[in-house]
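Reader: I have a model open and some labels I would like explained. Please take them in turn and show the reasoning behind each.

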Amino acid sequence: MTGLFKGLRKGAEAVGALMMLALFATFLLQILSRYVMDQAFGWTLELCLILWVWIVFFGCAFFVRNEDHITFDLLYRSASRGPRRAMAAISALAIVAGLAWSLLPTWDWIDFLRIKRSPTLRVPMRDVYVIYAVFLVAVIAAYAWRLFRILKEGVAGDDAPEHDEVRS
């Protein structure tokens with residue numbers, strides 16, 4: 001199963017890289033049209049903004065790992081095994097509960113955006129922001145799985161306070 005997840009992760013990274021390439025190429029085209037051709041393309045700025053939204057939320061949903069985030073964990077690292085496990089579980093539960101609570105109202109707003117279109121490209125705004133709903137579902141699932149593993153297996157390094165990873 002880990003081979004499948006690694007393959008999916010590599011695929012997600014490739015999609016993210018392709019979006020970054022498209023963003024960079026569109027940005028270069030924008031510069032070329034504005035400063036070389038002296039005729040700015042209006043759609044390039046809009047496409048750059050749409051790609052940026054997708055890159056951020058797609059990346060955070062599918063290939064940014066928990067350990068890639070900056071954490072303020074002075075209290076966590078100084079605690080013993082039991083309190084560390086409780087803090088990790090409470091944190092995961094809070095993330096799952098908060099994001100799950102926001103999912104339906106967020107989807108209602110995103111669905112409402114189907115009637116609006118972007119000014120230049122005329123892309124339905126629902127299509128632009130649907131990636132945020134995907135992000136919410138992915139993070140909820142990831143932290144629910146993390147909570148399950150914390151409760152079942154504890155956190156890695158239970159004998160060493162400097163580690164907070166869930167045991168594999």
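Reader: Why is Gln30 called buried?

Author: The model is a predicted one. In it, Gln30 has a relative accessibility of 10%. Buried means under 20%, so Gln30 counts as buried.

Reader: Where is Gln30 found, and which residues does Gln30 touch?

Author: Gln30 is found in helix H1, residues 2-36. Leaving aside residues up to four places away in sequence, Gln30 touches Thr44, Leu45 and Cys48.

Reader: What makes the pair Glu13 and Arg9 a salt bridge?

Author: The closest N and O atoms of Glu13 and Arg9 are 3.5 Å apart. The rule asks for a Lys or Arg side-chain nitrogen within 4 Å of a carboxyl oxygen of Asp or Glu, so the pair of Glu13 and Arg9 qualifies. Both residues belong to helix H1, and because they are 4 residues apart there, about one helical turn separates them. Arg9 and Glu13 also belong to a network of salt bridges that includes Lys10.

Reader: Are Glu13 and Arg9 buried or partly exposed?

Author: Glu13 has a relative accessible area of 28% and Arg9 has 26%. Partly exposed runs between 20% and 50%, so the term fits Glu13 and Arg9.

Reader: What makes Glu153 and Arg149 a salt bridge, and where do they lie?

Author: Their N to O distance is 3.9 Å, and the cut-off is within 4 Å, so the pair of Glu153 and Arg149 passes. The two lie in helix H5, 4 residues apart, which is about one turn of the helix.

Reader: Why is Arg149 called buried, and what is Glu153 called?

Author: Arg149 has a relative accessible area of 19%; the limit for buried is under 20%, so Arg149 is buried. Glu153, at 30%, is partly exposed.

Reader: How do you know that Arg114 and Asp111 form a salt bridge?

Author: Their side chains meet at 3.1 Å, N to O, and that value is within 4 Å, so the rule is met. Arg114 is partly exposed at 43%, and so is Asp111 at 23%. By this rule the count comes to 8 salt bridges.

Reader: What makes a group of residues a nonpolar core?

Author: The members are buried residues of the listed nonpolar kinds, joined through side-chain atoms within 4.5 Å. The largest such core has 16 residues, and those touching the most other members are Ala88, Leu99, Phe135, Val139, Tyr143, Ile150 and Val155. Helix H4 (81-112) and helix H5 (125-153) each supply at least two of its residues. H5 gives the most, with 8 residues. A second core, separate from the largest, has 9 residues, including Leu23, Leu51, Val53 and Ile55. In soluble globular proteins, nonpolar side chains tend to be buried together.

Reader: How do you know where the domains begin and end?

Author: The bounds come from the domain assignment, which gives domain 1 (1-63) and domain 2 (67-158). Their C-alpha centres lie 23 Å apart. The contact takes 13 residues from domain 1 and 15 residues from domain 2.

Reader: How much area do domain 1 and domain 2 bury between them, and which residues supply it?

Author: Domain 1 and domain 2 bury about 1200 Å², 79% of it on carbon and sulfur atoms. On the side of domain 1, Glu46, Trp54 and Phe57 supply 46% of the area buried against domain 2, more than any other three residues.

Reader: What is the count of salt bridges and of polar contacts between domain 1 and domain 2?

Author: The salt bridge count is 0. The polar contact rule finds 5 residue pairs across the interface.

Notes. Residues are numbered from 1 along each chain as its sequence is written. This is a predicted model: local features need pLDDT of at least 70, side-chain atom pairs count only at pLDDT 80 or more; totals for chains, interfaces and linings use all residues. Side-chain values use heavy atoms; hydrogens and water are left out. Buried means under 20% relative accessible area, exposed over 50%, partly exposed in between (1.4 Å probe, protein chains only). Domain bounds come from an automatic or database domain assignment. Contact means heavy atoms within 4.5 Å. Buried area is the accessible area (1.4 Å probe) that two parts lose on being put together, summed over both. A polar contact is a pair of N or O atoms within 3.5 Å; within protein, one must be able to donate a hydrogen and the other to accept it, and residues adjacent in sequence count only if both atoms are side-chain atoms.
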